[in-house]
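Student: I should like to go through a structure and ask how each description of it is justified.
Tutor: Please look at the sequence and the model first.

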Amino acid sequence: MLLRIVSIDGELYSGKVRKVVFPTPQWLVGVLPGHINLMTLLSAGRIAYLPEAWEMTSLEEFTEKSKKIDIKWGLALIEDNVVTITAE
């Protein structure tokens, strides 16, 4: 699955990932390859993602190994195995 994270300052990340988790006004959304298409607002919090080259065997390992980006707000679009996040 391809993840692209962009901000006003430019691209923060672009690459293949195993999993991405982001905050919405209602809950945390976890996205794995094959996720249904979705568009949602993002709330203040942390985006966490695991690059495809890294292995993950448990939730604890994801929490420990994942890369993280703090955001104030944003928008996420999941479409055809591509997750595009525009955030500040």
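Student: Which residues have the most contacts inside the largest nonpolar core?
Tutor: They are Leu 3, Val 20, Phe 22, Val 83 and Ile 85, in a core of 19 residues. This is a predicted model, in which local features need pLDDT of at least 70 and side-chain atom pairs count only at pLDDT 80 or more, while totals for chains, interfaces and linings use all residues. Residues are numbered from 1 along each chain as its sequence is written, and side-chain values use heavy atoms, without hydrogens and water.

Student: What makes a set of residues a nonpolar core?
Tutor: The members must be buried Ala, Val, Leu, Ile, Met, Phe, Trp, Tyr or Cys residues joined through side-chain atoms within 4.5 Å. Buried means under 20% relative accessible area, exposed means over 50%, and partly exposed lies in between (1.4 Å probe, protein chains only).

Student: Which elements give two or more residues to the largest nonpolar core?
Tutor: Strands S1 (2–7), S2 (10–23), S3 (28–31), S5 (45–51), S6 (67–71), S7 and S8 do so. S2 gives the most, with four residues. Strands are DSSP runs of E with at least two residues, helices are runs of H or I with at least four, and both are numbered from the N terminus.

Student: With which residues is Val 20 in contact, leaving aside its neighbours within four places in sequence?
Tutor: Contact means heavy atoms within 4.5 Å. The partners of Val 20 include Met 1, Leu 3, Val 29, Ile 47, Tyr 49 and Val 83.

Student: Why is Asp 80 called exposed?
Tutor: Its relative accessible area is 61% and the cut-off is over 50%, so Asp 80 counts as exposed. Asp 80 is found in the loop between strand S7 (74–79) and strand S8 (82–87). Its phi is near 55°, a positive value in a residue other than glycine.

Student: Why is Asn 81 called partly exposed?
Tutor: The relative accessibility of Asn 81 is 33%, which lies between the two limits, so the residue counts as partly exposed. Asn 81 is also placed in the loop between S7 and S8. Although not a glycine, Asn 81 has a positive phi of about 65°.

Student: How many helices and strands are there in the chain?
Tutor: There are one helix and eight strands, running β-β-β-β-β-α-β-β-β from the N terminus on.

Student: Why is the chain called as compact as a globular protein of that length?
Tutor: The radius of gyration, taken over C-alpha atoms, is compared with the globule rule, 2.2 Å times the number of residues to the power 0.38. The chain has a value of 12 Å, close to the 12 Å that the rule gives for 88 residues, so the description holds.
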